[in-house]
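Reader: I have a chain and a ligand to look over. Can you take me through the fold in short steps?

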Amino acid sequence: MLRRLMFAGYERQLNRAYRRRLASKGSTAQGVFWRSQSSQFARFDTLLALVHQLRGHQPTSIADIGCGYGAMLDFIKASSTFQHIKYQGVDINRAMIAACRQKFPHQTDRFSTGNRPSGIVDFCLFSGTFNLTHSDDPALWNDYIFTCLDRCMAKTRYGLILNLLCTPKAQIQKQIFYANRAAFVQRAEAYFGPTHAQSTRDVPGDVSFVITRKFL
Ligand SMILES: C[S@@+](CC[C@H](N)C(=O)[O-])C[C@H]1O[C@@H](n2cnc3c(N)ncnc32)[C@H](O)[C@@H]1O
């Protein structure tokens, strides 16, 4: 109960921070705290390439959890490799979802406010969703992440694909969470099933994880 309240408090603070940032920087990589569009796109490329490795050219549905202003949909549309991917975007921040709908006025129903997919999808993807935190306790933030992942796994056919910044010891520095790669894999395997980690190409310190259900 206390933890639920703490987690709700984190989300309130996140919502305020992202709303202010979007208002000042607009629908840009900087508007969701990325350093540059190239690091934002390099992350998308790695996550989507992992989907592609698992599913090849079969039609595949994904939910982009923490979709921000919808940049991943732009990336998918511009790429010839990912045309078989059916996209939906979800974000806890209403201002972000309003920005998505403004950006894609003919596809507003692809976007929803919340923290899980609206129906069952093949994969949930998370890019940068858990980097910013208002917690000062890395263990508690890690618990928050697993609570979010668990909720999404319940709506996912095959698995979860996410990125996190990693350092040798889990820590929070200047409101950014850094996971310990091996400990994260170990916990994900214990909670969910086989988990693969790889360094995100062209993004130093960033690691992409694939967490599969035991039967995949
Ligand atoms: C760093 S931004 C990244 C946005 C987008 N993925 C991109 O790369 O452009 C993180 C986004 O995740 C959203 N977010 C944070 N925690 C979330 C959660 N538990 N469920 C859904 N969205 C969340 C935030 O509101 C924010 O829009």
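Reader: What percentage of the 216 residues in the protein chain is buried?
Author: This is a predicted model, in which local features need pLDDT of at least 70, side-chain atom pairs count only at pLDDT 80 or more, and totals for chains, interfaces and linings use all residues. Residues are numbered from 1 along each chain as its sequence is written. A residue is buried if 20 or more other C-beta atoms, placed from the backbone, lie within 10 Å of its own; it is exposed at 12 or fewer and partly exposed in between. Of the 216 residues, the buried share is 36%.

Reader: What is the radius of gyration of the protein chain?
Author: The C-alpha atoms fill a box of roughly 45 × 40 × 35 Å along the principal axes. The radius of gyration is taken over C-alpha atoms, and the globule rule is 2.2 Å times the number of residues to the power 0.38. For 216 residues, a compact globule would come near 17 Å, and the chain agrees with 16 Å.

Reader: How many helices and strands does the protein chain have?
Author: Both are DSSP runs, numbered from the N terminus: helices are H or I with at least four residues, strands are E with at least two. The count for the protein chain is six helices and nine strands.

Reader: Which residues of α2 are buried?
Author: Helix α2 covers residues 37–55, 19 in number. From first C-alpha to last it reaches 27 Å, close to the expected 27 Å, where the expected span is 1.5 Å times one less than the number of residues. Just after α2, G56 takes a positive phi of about 60°. The buried residues of the helix are Q40, R43, F44, T46, L47, L48 and V51.

Reader: Which elements do those buried residues of α2 pack against?
Author: Contact means C-beta atoms, placed from the backbone, within 7 Å. Helix α3 (71–78) is one of the partners, and what covers its own buried residues includes α2, β1 and β2. The full set for α2 is β1, α3, β2, β4, β5 and β9.

Reader: Is A49 buried or partly exposed?
Author: A49 is found in helix α2. Its C-alpha is separated by 15 Å from that of Y158, 109 residues away along the chain. A49 has 16 C-beta neighbours inside 10 Å, so it counts as partly exposed.

Reader: Where does T133 lie, and which residues does T133 touch?
Author: T133 lies in the loop between β4 and α5 (138–153). With 20 C-beta neighbours inside 10 Å, T133 counts as buried. Not counting residues up to four places away in sequence, T133 touches Y10, W141, I172, Q175 and F177.

Reader: Which element gives the largest share of the largest nonpolar core?
Author: A nonpolar core is a set of buried Ala, Val, Leu, Ile, Met, Phe, Trp, Tyr and Cys residues joined through C-beta atoms within 7 Å. The largest has 51 residues, and those with the most contacts inside it include I62, F123 and L125. The largest share, seven residues, comes from α5.

Reader: Which residues are closest to the ligand?
Author: The shell has 21 residues, counted when the C-beta atom, placed from the backbone, lies within 6 Å of the ligand. The elements giving two or more of them are α1 (2–25) and β2 (85–91). The closest residues are V32, G66, G68, N93 and G128.

Definitions and conventions
Two residues are in contact if their C-beta atoms, placed from the backbone, lie within 7 Å.
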